Amino acid sequence: MAKSVMAGLDRVLTMEIVRVTERAAVAAARLRGRGDEKAADQVAVDAMRAELNRLPIKGTVVIGEGERDEAPMLYIGEEVGTGKGPEVDIALDPLEGTTICAKNLPNALAVIAVAEKGSLLYAPDVYMDKIAIGPGYPEGIIDIDASPRQNIHNLADAKHVPVSEITACILDRPRHAKLIQAVRETGVAIRLIGDGDVAGVIHTTNPEETGIDIYIGSGGAPEGVLAAAALRCTGGQMQGRLILDTSEKVARAAKMGIADPNRIYQVGDMARGDVVFAATGVTDGNMLSGVKFGRNAITTHTIVLRSSSRTVREIKARHQDLEKF
């Protein structure tokens, strides 16, 4: 059955999925640097929803903009697509890095992952502890319960470089003060980011280009599933554990099928089977260029990943039919 489902998806796995993130990215990019996070997010949502509803799929949003039916947003449980085609799970973030976009800072993205129905973790909108590295390393290099020193030394040993040549990416948050201190004490460099931890994790997949070897810290659980989808396609490693520190959060997670609040999730627990992932740059970043508005064309830069073939496609598109945007 899996083969037939994904065979039906072949028509929408590349250019059709790319169009979804391109449209959202272009819409958001028109509001770069305007200081209005909500407006940028809303136009990205509207553009992504409109494009998704043109796809020949029976899609269900499992990672979205909220847990309840909030009409303006792409909420968890929302059905998208034409309703004629394969049933799929969809994880998305129409504008990953709303603050980044509002301030016109690096690494704002429009992101989506599509997988066979039942293949993506239904994650509540809570924080998740995360640690991630890119492909090419033996299993077991990272351990979310190990100290930052141990994880970094394990990675340096596996990479056959001194610790001083490792760079860690961490969200710049007060909650990470002790983590940042512990990581700095190992002698590695740190790339602090203000927002956008999906991009932070994805950057570990190509450290030669991005300069980032490992991602450590806590961020949104929905973003963790999106990042896991990308790592599923590239062979990277990631561990995550939901931070369910109140009875309300535990109950909310239980309603979504999470029985063990302390479970450590591997990449394959968060994104299984055949997965397709796409991200389009909204602002310029380490891996992707932002949307460029020319007099006669709009230029976008997208990566498309697929787990079954381990392919990484990089698409730089020049859109001359401006009326479609």
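Glu-96 is found in strand β3, and I should say at once that everything I describe here comes from a predicted model. Glu-96 is buried, with a relative accessible area of 3%, which falls under the 20% cut-off used for that word. If we set aside residues up to four places away in sequence, Glu-96 touches Asn-107, Ala-108, Leu-109 and Val-111, then Gly-196, Asp-197, Val-198 and Ala-199, and finally Glu-223.

Strand β3 covers residues 87-96, and Asp-93 lies in that strand too. Asp-93 is likewise buried, with a relative accessible area of 10%. Leaving aside its neighbours within four places in sequence, Asp-93 is in contact with Met-48, Glu-65, Leu-109, Ala-110, Val-111, Glu-223 and Leu-226.

Which residues does UniProt place under the feature "binding site"? The record, an unreviewed entry, gives Asp-93, Glu-96 and Glu-223. These three span 131 residues in sequence, yet no two of their C-alpha atoms are more than 8.5 Å apart, so they gather at one spot. The contact lists fit with this, since Glu-223 appears among the contacts of Asp-93 and also among those of Glu-96.

Let me turn to the domains. The protein chain is divided into domain 1, made of 11-119 together with 275-319, and domain 2, which runs over 127-270. The C-alpha centres of the two domains lie 23 Å apart, and the contact between them takes 24 residues from domain 1 and 24 residues from domain 2.

Now, how many cavities of 30 Å³ or more does the structure hold? There is 1 such cavity, and about 70 Å³ of space lies in it. Its lining consists of 14 residues, of which Leu-109, Ala-199, His-203, Met-287 and Leu-288 lie nearest its centre. The elements that give two or more residues to this lining are α7, residues 197-202, and β11, residues 275-281. Two of the residues nearest the centre, Leu-109 and Ala-199, are also residues that Glu-96 touches.

What is the make-up of the lining by class? It has 8 nonpolar and 6 polar residues, and no charged residues. Asp and Glu count as charged, so neither Asp-93 nor Glu-96 is part of a lining that has no charged residues. Finally, the lining draws at least three residues from each of domain 1 and domain 2.

Terms used. Residues are numbered from 1 along each chain as its sequence is written. This is a predicted model: local features need pLDDT of at least 70, side-chain atom pairs count only at pLDDT 80 or more; totals for chains, interfaces and linings use all residues. Side-chain values use heavy atoms; hydrogens and water are left out. UniProt positions are given in the numbering used here, feature names are shortened, and annotations may be inferred rather than shown by experiment. Helices (H or I, at least four residues) and strands (E, at least two) are DSSP runs, numbered from the N terminus. Buried means under 20% relative accessible area, exposed over 50%, partly exposed in between (1.4 Å probe, protein chains only). Contact means heavy atoms within 4.5 Å. On a 1 Å grid over the protein atoms alone, a cavity is a set of points where a 1.4 Å probe fits but cannot get out, and a pocket is an open set with protein on both sides within 12 Å along at least five of seven lines; lining residues have an atom within 4 Å of a point. Grid points are joined across faces, edges and corners, and a volume is the space filled by probe spheres set on the points. Domain bounds come from an automatic or database domain assignment.
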